[in-house]
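Reader: I am in my first year and would like to look closely at a single part of this structure. Could you take me through one strand and what lies around that strand?

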Amino acid sequence: MKRLDDRIIIKNKFNKDGEKVIYWLSREHRVLYNPSHEYALKIAKENHKELEVLYVYKKDFMYASKTVMNFHKKVLESLKKQFNSIKIKFILIVGEPDREVVKFVKENSVFALITDLNPLKIKRDWDKEIEKNIDCSFIQVDSRNIVPVFKSSEKREYSAYTLRRKITPILNDYLPEDSSFKKENIIKDNELAHNIYKQLEEFIKNGIYLYNDKRNDPNANASSRFSHFLHFGTIYSGEIVREVKKSVSDDVSDSFIEEIFVRRELAENYCFYNEDYLDISTQYEWAQKTLKEHEKDKRDYIYSLEELENQKTHDKLWNKAQKNMIQNGYMHSYMRMYWAKKILEWSKDAKSAIAKAVYLNDKYFLDGRDPNGYTGIMWSICGLHDRAWKERPVFGKIRYMNLNGAKRKFDVSLYL
Ligand SMILES: Cc1cc2nc3c(=O)[nH]c(=O)nc-3n(C[C@H](O)[C@H](O)[C@H](O)COP(=O)(O)OP(=O)(O)OC[C@H]3O[C@@H](n4cnc5c(N)ncnc54)[C@H](O)[C@@H]3O)c2cc1C
């Protein structure tokens, strides 16, 4: 992996006496193109230590639905097979990650503990707790972004425009070279891994050609449907971008690269540099002011979380999107924006709208509990990374979306 050392944050110093290097894998569920794994291998080799992979499975993770938990189990089976195929010991423990990792380190002779960097609060808190309670080296590796989040920028970026001009010129410097592992061996007899690569192949052959023109049409089946794979880190976005750029010209891939690279890394930047990423008080002043000014505006409808969850609104399009979310763990990106904006319109204030949107997003989406989701919700409800629009009731200057707009974009009756 190019520029591996650029991805490292060292928390504690090396414990010279330890015998094992442990990769505590929590976010990047893959062997191929996984910088955390590659860094752990490098440290183990350089110091003549053994490498083992540790996974702590947390039951009932963040009130996730059955569909989400079942998919997570499939991901884990695939992951275990992948490490078995390269003969690296994979240890699975059930419990609270911070407690179990500390216990494991204390009971085993650990030289260095390597983990995946994750800007979300839950993982930050686990890492802080672990760092305080172990005496071996503790290293976080950014294995999510193509350009490591702390290299692309030193601060929270204002918009896609400001991040784009920093990371686009250095994209090629960070795209991965071929992996030292043989892909065919890793994905052999591994249904999930095999299907992911089949989907990528199909997207590059056909789907990408529809993406520029049709990605905003929920009926067109023109988006990649990679988000749940990317969320679980079952494939690296750098590998996807490299393969896409190898196969099609820039004018075909531009809008897709904008989403999978710029928008995705903008979401990581937002959560990395703003620990309170769901707090309205961290939003732009114009947005806070306009939401406050319109808090007392009369709402035509106010729906409880239960009514929303059970698709009991007057809006058939919204209900259908919510139904899709529950049944398939997925919603098209245009509908996600519409969905969240309507939750703002039907809530007593922005704070309660965020809470309801986050609950549903994280419970039902296969790609939920992700910086992309929190950024998408804050974009829709609080104007994050957006600008002020024409003022109107309830929304103030936050960008508005309605059914007529949806009808202009796509065939709503077909979607229903
Ligand atoms: C209210 C709301 C909630 C959202 N919740 C989530 C979520 O929980 N998890 C999640 O991964 N995405 C979320 N998104 C972002 C986006 O809608 C999804 O990533 C996308 O719809 C997934 O479908 P796809 O893989 O076919 O995307 P494609 O259009 O094929 O895009 C390719 C990849 O680029 C990334 N991407 C696409 N759009 C965005 C975006 N706007 N911001 C950041 N990255 C993007 C995703 O990783 C996606 O898989 C949300 C957006 C909004 C507005």
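Author: Let us take strand E3, residues 50-57, in this predicted model. Seven of the eight residues of E3 are buried, so the strand is largely enclosed by the rest of the structure. To see what encloses a strand, one can begin with its pairing partners. Strand E2, which covers residues 20-24, runs parallel to E3 and is joined to E3 by five bridges; within this pairing, valine 21 stands opposite leucine 51 of E3. The path between these two strands can also be described, for E2, helix H1 (residues 35-46) and E3 together make a right-handed β-α-β unit. E3 has a further pairing with strand E4, residues 89-94, which is again in the parallel sense and extends over six bridges. Here tyrosine 55 of E3 has leucine 92 in E4 as its bridge partner.

For a comparison with a helix, consider H12, which spans residues 250-273 and has a kink of about 40° centred on isoleucine 257. Of the 24 residues of H12, 18 are buried, so this helix too is largely enclosed by the rest of the structure. A residue from another helix can serve as an example of a buried side chain: threonine 375 lies in helix H18, residues 371-382, and has a relative accessible area of 8%, which means that threonine 375 counts as buried, since the cut-off is under 20%. Among the residues that threonine 375 touches are Ala267, Tyr270 and Cys271, while a polar atom of the threonine 375 side chain lies 2.7 Å from the backbone oxygen of proline 371.

Note on methods:
Residues are numbered from 1 along each chain as its sequence is written. This is a predicted model: local features need pLDDT of at least 70, side-chain atom pairs count only at pLDDT 80 or more; totals for chains, interfaces and linings use all residues. Side-chain values use heavy atoms; hydrogens and water are left out. Buried means under 20% relative accessible area, exposed over 50%, partly exposed in between (1.4 Å probe, protein chains only). Helices (H or I, at least four residues) and strands (E, at least two) are DSSP runs, numbered from the N terminus. Two strands pair if DSSP finds at least two bridges between them. A crossover is right-handed if, with the strands pointing away from the viewer, the path from the first strand over the helix to the second runs clockwise. The bend at a residue is the angle between axes fitted to the seven residues ending there and the seven starting there. A polar contact is a pair of N or O atoms within 3.5 Å; within protein, one must be able to donate a hydrogen and the other to accept it, and residues adjacent in sequence count only if both atoms are side-chain atoms. Contact means heavy atoms within 4.5 Å. Lists of a residue's contacts leave out its neighbours within four places in sequence.
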